[in-house]
Amino acid sequence: MILALETSCDDTCAAVLDGSRVLSNVASSQAAIHERYGGVVPEVASRHHLELVNPIVEAALSGAGRELGGMDAIAVTTHPGLIGALLVGVNSAKALAAATRKPLIAVDHLHGHVAAAFLEPDPLEPPFLALVASGGHTLLAGVREHSSYEILGQTLDDAAGEALDKAARLLGLGYPGGPAIEREAVAGDPEAFAFPVAMSHGHGLDLSFSGLKTALVYTVRDLGEEAEGRRSDLAASFQAAVVSQLLAKLRRGLDAGGWEAVTLGGGVAANGPLREGATELCRSRGVRLKLVPIELCTDNAAMIGSAARFGEQVAYPDYLDWDAAAR
Ligand code: KG4
Ligand code: ZN
């Protein structure tokens, strides 16, 4: 029985897990607070984590019908993320663990996104290929055991979610950008603008999204006043370019590694066209695709608890000097 905390970015999250079963998974999104700035303001995020962390932990415990004393261990994201935001989670978890003399487990946020696939229903067992695309990271990971993953390729500049967030801001669509672009794209033509699909030839399994963002900036500038009326076409074409690069790398990863199963993780894995494209790709290759529910794709604490099951339990008081790390 694990109580997990996750505060690496702008969501304050806590969850209770009984093995691979999620008993509760509570998240308080600060998106509405950050929306007026068009992105996450680190200091504002830290302050809200401080206000929210205790009520969210209580909600997770009561939602699971459990008490803190009934936990076998506490788990927390220690890296990577916004340093001030991470520190709130790490220190809260230390305090909860120390007060009850329970062991603490440090979790890598990206391992959490991979480990979401280990959760019920239909847990995926290694080996598998994971495409993790979030606001801070975009990578292909080879997963051969529960406790680790190997980075096979990653973005050389912006993350996919970061590109979507920046595009949404440019198009006046609000924050977070991914869902806003997806909604706007429904009414648009994905072939209206031919945005570059970077790295689709060569470059192994690495990705790049900064050129795409620049292409959008120039397109909007050249359209001038017309841009406003072409917003759905711009959103649809931009989304198509992001999704098509992700799928191209997933395809190449599958061909290179002989993988028999795939999962998608990270906030961008909530994207409908990406999920549909991956479904089609995996069907055509005869490969199993595990699509985790959307609430386990975007940041959450259940995935941190899932990774923690395969991490090292550190006994009291050896974790008291633990620190958070931005990278
Ligand atoms: O994993 P996550 O919740 O937080 C980080 O670890 O960054 O990912 C957040 C990112 C944001 O960039 C957001 O715009 C994107 O995931 N995102 C989406 C969708 N939902 C969230 N991108 C595309 N389509 C979505 N439906
Ligand atoms: Zn994340």
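Reader: Before anything else, what makes two residues count as being in contact here?

Author: Contact means that heavy atoms lie within 4.5 Å, and in this predicted model residues 24 or more positions apart account for 73% of the contacts with a separation of 6 or more.

Reader: What makes the protein as compact as a globular protein of its length?

Author: With 11 helices and 10 strands, the protein has a radius of gyration of 20 Å, which is close to the 20 Å that the globule rule gives for 327 residues, so the protein is as compact as a globular protein of that length. The C-alpha atoms fill a box of roughly 60 × 45 × 30 Å along the principal axes.

Reader: Why are His109, His113 and Asp299 called donors of the zinc ion (ligand 2)?

Author: A donor is an N, O or S atom within 2.8 Å of this metal, and NE2 of His109, NE2 of His113 and OD of Asp299 lie 2.0 to 2.1 Å from the zinc ion, so these atoms meet the cut-off. Along the chain, the donors follow the spacing H-x3-H-x185-D.

Reader: How do you know that His109 and His113 are about one turn of a helix apart?

Author: Both residues lie in helix H4, which covers residues 109-115, and they are four residues apart, about one turn of the helix.

Reader: What does it mean to call residues such as His109 and His113 buried?

Author: Buried means under 20% relative accessible area, counting protein chains only, and both His109 and His113 are classed as buried. Of the 327 residues in the protein, buried residues make up 54%.

Technical notes: Residues numbered from 1 in each chain as written. Chains lettered and ligands numbered in written order. Predicted model: local features only at pLDDT ≥ 70, side-chain atom pairs only at ≥ 80, totals over all residues. Heavy atoms only, no water. Helix = DSSP H or I, 4+ residues; strand = E, 2+ residues; numbered from the N terminus. Rg over C-alpha atoms; globule rule 2.2 N^0.38 Å. Buried < 20%, exposed > 50% of the residue type's maximum accessible area, 1.4 Å probe, protein only. Donors = N, O, S within 2.8 Å, 3.2 Å for Na, K, Ca; no water.
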